[in-house]
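Let's take a friendly walk through this structure, one region at a time. Keep the viewer open as you read.

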Amino acid sequence: MGIRKYNFNFFKILKITVAVSIILVLLGIFGIFMMFNGKGVGIDFSGGNAITVKFTKHIGISEIRQIASKSGINFDIVHLPHENKAIFKTKLVEINNNKVSDILDEILLKELTKDGYVMEGIVEIGPRVSSNLKKDATIAFILSAIGIILYLAWRFEKKFGIAAAIATYHDVIAIVGIMYFMGYEMDLLILTALLTIAGYSLTDTVVVFDRIRENLRKKVSTNLKEVINISINETLNRTIITSVTTLFSSLALLIFGGEVLRSFAIVITLGVIIGTYSSIFIASPLLFAMKVDPKKLKK
Amino acid sequence: MKRLDWRFYLIILFLFGSIYVLIPTFVRDIPKNVRKFFIVEPVKLGLDLQGGIHVLLEVDTKKAYEADLLGKTSQIKEALSKKGLLYEYVKVENEGIVISTPFKDKWDEMEKIITKELFSKVDVIKVKEDSASITYRLEFDAKIKEQVEQSAVKQALETIRNRIDQFGVTEPIIHTQGKDNIVVELPGIKEPKRAIELMGKTAMLEFKLVREDITPEMISKGNIPLEVELIPERRINRETGEIQQYTIAVNREPLLTGKLLQDAQVRINNQFNQPYVWMKFNAEGARVFERVTGENVGKRMAIILDGVSYSSPVIRDRIGGGEAVIEGNFDFKEAADLAIVLRAGSLPAPVKVIQNITVGPTLGMDSIKKGLVSTIIAFIAVLVFMAVYYKKAGIIAISVLILNLLYLLAVVAAMRATLTLPGIAGIILMIGMGVDSNVLIFERIKEEFRIGKTVRNAIESGFKNAFWTIVDSHITTLITAAILFQFGTGPIKGFAVTLTIGIAINLFTVLIGTKSVYDYLIWNKKITKLSI
């Protein structure tokens, strides 16, 4: 197996891919805009409570809802029937100086008795913590963009850095949009996954760019478009294989990793696909669009 | 010429080192006399895996500064009274002190006492002057405020550490974060709610004289003198055990505070079988207690904790010995915790829980189990794929991957870094992403081979050409990983640590490990065919 040479013309379907990317990015920008206005963000960024309760006996979602409604708090409930658990989420931190977890505990104690449930986990985030986090997250994304551009500008050339950064942020923004429309709330875990994917997508882009640089030096062709196309084809095997092995990991996480890591695994899975796509269809054509000059390449 | 060189031995050395470091993690119940040969502790698990609480407390530094200013007003009042200088009032207002006096001609003398004898670095600003009186405002240097706030946070930290130590938690982590936050991490704690209450209690103990001359009518009209305040009092009906709230009027100025306390213990009241807290003052406290009770025989004294009176008995006689009790409808745990906070001292300012992450032990176990299953499945999938696709080269890649994982865990254990759930997710991802460097090299070797190079040349130039690609891609990933350190919370930091160590190790194993295996094959085995 193994020795084959691809010869796809990736520029041929550029119009379609550019259209797809623009739509994805617009959806993402919409999602980010909504998040900055407080929609679609988890308690890490909005403040609030997420309380995980394990029931000793099987208990239906309607009954859980009924019990929760007695607290007077409008909980958003995630039911995990296989594990006999429920996660109670609310953007409230406290009511009249009573902690939300205490209020829920009191109701559950009354309805289910002491042996009927265990409060397995509480995540309570105050408003100051969440607003600080929002600021930190924004700074982190800006800093990483600057870091990437500077490094690649130093190693390659300015335009390579910019193209790689655009491709990477294309992925991050597109995934944010998809997650938003899938109904996932942005939290620290998703943010971590996004930065991880930024790293992955970047690796992918760097591998292709490296080949483009090499082929520009070797003067494989005088036509920039052709050089780029040849480079993508030459690295295609590696691109596919690494995507496959990384997908093995992210799918294992998605299927066996449990509820806590689900959103993380989805972001990684989406990221592997979109990251691979963007190295080929966004980053490389951008080099062509920006007309990189082979003479400016560093050694 | 080349044989098994230093790189090979280095890999083997690290391999045995890693196994040695990881034995305490994977083998439980090592006999004690054997255990001492393993100097490294097991891998430290984050709170999200072993259970526990992570609490972020915010110290109300504004209140601490107010309290400091309140102390200064007493100093001013005392100094002025001593000199026979009269004032209308001295009070704290909007982070400053306001003094008003009808004796305008005496102000210069007053100001001299305040600015020369009492405090330095204070601005005196005239606020108001009319025919009846003159009013000045004192503003202290911003540095003083900063100092007071800093020392309040430091003192709060010490007090909380004291309380936690007395509560009995193994390996608590307590440190400040930012200007006015305190992080408390308590792994494996059984009663999280109780611990959080224990930390957050201000535990300000005060003894104040009850003003029985203030009638309920005056209270309802809000017609009370400046030196008097209204506070709630809890009274318990002994028969029903019900708690009722009353309002009582007391002097603002306390007779005595908990600062002079030496000890506090839980005792059981034999008559009602009720726990209560017994307190003992130090020598100075006992003297003050004896004096103030002697001066106020026949009056009532309220025992106040955090602004709530627990009882206000009539002082029947001068009380020597410096002992007092707090009774309430406590259960034993409540009384025990109260004794702890009284012993450990009060917080200099109220603290507020602004973040609380509590993870029960079962939730953590569950996460570890699922993480392990995912790791194994991901590993098997990658192993089978690599072995089928790259044949013998694939086996090399997998061996390198195993080295990666072993080294990673060993470094995490040796550095006492914390393994968190996202950290485990990072390890699982590393299984998939970690083979990438080898894939890059293999694909390069195949290409070189295809253009007609010999096996040896193909391998040599394959490595050479892939080298910078691998370095560049690792460093760019490192940049994003480093930025994750920004996020203070435990789990994400744990992920950043795992990812960063993973990247560094990957770079090492590929550039040193894979390379030396191929060098060995070329030079010693003189391979002429590629199984790739």
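## A small sheet in chain B

In this predicted model, B:Trp278 has B:Val325 in S17(B) as its bridge partner. That pair belongs to a longer match, in which strand S14 (residues 274-281) of chain B and S17(B) are joined antiparallel by 4 bridges. Both strands sit in an open sheet of 3 strands, ordered S13-S14-S17 (chain B) and paired antiparallel. Strand S13 (261-269) and strand S17 (323-326) of chain B form the edges with a single partner strand each, so one side of each has no neighbour in the sheet. From one strand to the next, the twist averages 25°.

Now look for the helix on this sheet: helix H10 (residues 332-344) of chain B lies across S13, S14 and S17 of chain B, at about 170° to S13(B).

## Two helices crossing

Elsewhere in chain B, the axes of helix H6 (residues 142-167) and helix H7 (residues 192-200) come within 9 Å and cross at roughly 145°. The crossing of H6(B) and H7(B) is right-handed. H6(B) contributes B:Ile160, B:Arg163 and B:Phe167 to the contact, while H7(B) brings B:Ala195, B:Leu198 and B:Met199. By class, that makes 5 nonpolar, no polar and 1 charged residues.

## Where the chains meet

How many residues of chain A are in contact with chain B? There are 56, facing 54 residues of chain B. On the side of chain A that touches chain B, 30 residues are nonpolar, 18 polar and 8 charged.

Strands take part as well: S6(A) and strand S18 (residues 351-359) of chain B run antiparallel, joined by 5 bridges. Within S18(B), B:Val359 stands opposite A:Gly121.

How values were computed:
Residues numbered from 1 in each chain as written. Chains lettered and ligands numbered in written order. Predicted model: local features only at pLDDT ≥ 70, side-chain atom pairs only at ≥ 80, totals over all residues. Contact = placed C-beta atoms within 7 Å. Nonpolar A, V, L, I, M, F, W, Y, C, P; charged D, E, K, R; others polar. Pairing = 2+ DSSP bridges. Axes fitted to C-alpha atoms, helices over the stretch in contact; angles between N-to-C directions. Left-handed = near helix turned anticlockwise from the far one by under 90°.
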